[in-house]
Each structure stands twice: as C-alpha cells, then as structure tokens.
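Me: Got a minute to go through a structure with me? I'll jump between topics.

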Amino acid sequence: HFCNAYHKCTAKCEQDGICDLGGVKRSVEKRRFQPAPGEEDFEYEYATQEIVEKEPCSVQIPPGQLKHAGDHVCNVQHRHTCKIRCPQCGYHCTKPNGHMGLHETHHGNMRHTVFIGESDSTRVPVGTHAFAVGNTGIALMCDFHCKQAGRGHTHFVYCHDQADSVEKCTACPADGKRHQTTQYGPDWKVPKDELQHDAYWTA
C-alpha cells in the first residue's frame, strides 16, 4: 500500500460488552392481541429497540500500512455495557460491563415467554386478561407481569439437567428452585424446573 494518507479501519470494536446503549433507538406501536378462546382481544403497546452492539473501530490505519497495531477499539469515550439479556424480553442489561450484583434493564414486551399450564384448558390470569396455554407473552411487559402475579409467584424454565425425574435434577429447594411437580404444556414431554421469583432473576 503506497498511499501517504491515514485510512479508516473497517473492523468492529473487539472490546468486551456492548459499545454504547446511549444510542438505542426505541419505537412504540399499537397492536391487538387475542388471548384465550372466548376472551376479548385487547390493544397493547409493542416496543422495539435497535442496538448497534459493536461500533466501528476508531483507530486509523497509518500511511503505507494495511492494518493498524493493537486491538480494534471504538471511541474510548463510549461506555461499554453488559451484554447479558433479559430472558423474557431480550433487552440488554444497562449496567457497565463486568458489573457486580444483579442485572438491570428497561424491560420490554415478553417476546420470549410462553404461558404454560397443567392442562390444555388451563387459563393463566394476568390483570384483567386470561391467557391460554401456548399463548406468547408478547402483549405484556416483564415488570408488569411480575407485579400482577404478586409476591411468591413462580417462574418456569427448562430443566437445566434435562432430567426426567426429581431424583436426577440438581435444582435445590433451598435456593428457591425445584424440579417440576407435574407435567406442563404445551410441550408436555420437555422437563421443567419451578423457580421462585427471586431465584429466577438471580439465576
């Protein structure tokens, strides 16, 4: 390369974490949701966010070179944030990367949540609505759902051990976790664990 000018590096930042959540673009639109059969549909707000997880490298390539020395890094003034996402809405934690303690975020619609039950006819009441087994939680926000469920409610996750019996599961009741006490649908044959609210959010 014989050019005598500096050039912009086209690589992405290699630093750990999300480069900058300050530039998150959020939008909200009105949608309608049909819960359990026989229940009236209702309007809800669907929020979306666009995050550029990795910014372009800010280091320039010196004249006569094809690449610069050192790692690819974005603007050093950017605050790199935690890359862990909420398991229910998918929003990133907003605390600095490598932080101590619990994660924190501005929750969104529970797009990764599915309501489960002990039978196909089970109805899951949340506020003024009732959801059917297999319904997505997309019409609800994470924090709203937990507030409506009240103290001591249970969250369900797929069994970490994929155990087909409580004896084979390592979930510990002393930690607010236990293997399923019955089968839950809609995916009846997939083993699940029951977690108390606090245990779920610290898992």
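**Salt bridges, a pocket and some cysteines**

Reply: Let's begin with Asp-187. Its relative accessible area is 21%, so Asp-187 is partly exposed. Keep in mind that this is a predicted model.

Me: Which residue does Asp-187 meet in a salt bridge?

Reply: Lys-192. The two side chains come to 3.2 Å, N to O.

Me: And is Lys-192 buried or exposed?

Reply: Buried. Lys-192 has a relative accessible area of 4%, and the cut-off for buried is under 20%. Asp-187, at 21%, is partly exposed.

Me: How many salt bridges does the structure hold?

Reply: Seven. One of them joins Asp-16 and Lys-83, with the closest N and O atoms 2.8 Å apart. That pair links distant parts of the chain, 67 residues apart.

Me: Where do Asp-16 and Lys-83 sit?

Reply: Both are in loops. Asp-16 is in the one between strand E1 (7-8) and strand E2 (25-33). Lys-83 is in the loop between E4 and E5.

Me: What about exposure for Asp-16 and Lys-83?

Reply: Asp-16 has a relative accessible area of 45%, so it counts as partly exposed. Lys-83 is partly exposed too, with 47%.

Me: Which residue pairs with Asp-164?

Reply: Lys-168. Their side chains form a salt bridge at 3.2 Å, N to O. Asp-164 is exposed, at 62% relative accessibility. Lys-168 is exposed as well, with a relative accessible area of 54%.

Me: Switching to pockets. How much space lies in the largest pocket?

Reply: About 760 Å³. The lining has 29 residues. Nearest the centre of the pocket are Thr-113, Val-114, Phe-115, Ile-116 and Phe-156.

Me: Which elements give two or more residues to that lining?

Reply: E5, strand E6 (123-126), helix H1 (142-149) and strand E9 (154-158). E9 gives the most, with five residues.

Me: How does the lining of the largest pocket split by class?

Reply: 14 nonpolar, 11 polar and four charged residues.

Me: Now cysteines. How many disulfides does the count come to?

Reply: Zero. For Cys-86, the nearest cysteine sulfur belongs to Cys-89, 3.7 Å away. The cut-off is within 2.5 Å, so Cys-86 is in no disulfide.

Me: Is Cys-86 buried or exposed?

Reply: Buried, at 7% relative accessibility.

Me: Why is there no bond for Cys-172?

Reply: Because its sulfur is too far from the closest cysteine sulfur, in Cys-169: 10 Å. Cys-172 itself counts as partly exposed, at 31% relative accessibility.

Me: Last one: Lys-67. Where is it in the chain?

Reply: In the loop between strand E4 (60-61) and strand E5 (109-114). Lys-83 is also in the loop between E4 and E5.

Me: Which residues does Lys-67 touch, not counting those up to four places away in sequence?

Reply: Ile-61 and Pro-62. Lys-67 also lies 7.5 Å from Cys-9, C-alpha to C-alpha, with their positions 58 residues apart in sequence.

Me: Is Lys-67 buried or exposed?

Reply: Exposed. Its relative accessibility is 66%, and the cut-off for exposed is over 50%.

Methods:
Residues are numbered from 1 along each chain as its sequence is written. This is a predicted model: local features need pLDDT of at least 70, side-chain atom pairs count only at pLDDT 80 or more; totals for chains, interfaces and linings use all residues. Side-chain values use heavy atoms; hydrogens and water are left out. Helices (H or I, at least four residues) and strands (E, at least two) are DSSP runs, numbered from the N terminus. Buried means under 20% relative accessible area, exposed over 50%, partly exposed in between (1.4 Å probe, protein chains only). Contact means heavy atoms within 4.5 Å. On a 1 Å grid over the protein atoms alone, a cavity is a set of points where a 1.4 Å probe fits but cannot get out, and a pocket is an open set with protein on both sides within 12 Å along at least five of seven lines; lining residues have an atom within 4 Å of a point. Grid points are joined across faces, edges and corners, and a volume is the space filled by probe spheres set on the points. Ala, Val, Leu, Ile, Met, Phe, Trp, Tyr, Cys and Pro count as nonpolar, Asp, Glu, Lys and Arg as charged, and the others, Gly among them, as polar. A salt bridge is a side-chain nitrogen of Lys or Arg within 4 Å of a carboxyl oxygen of Asp or Glu.
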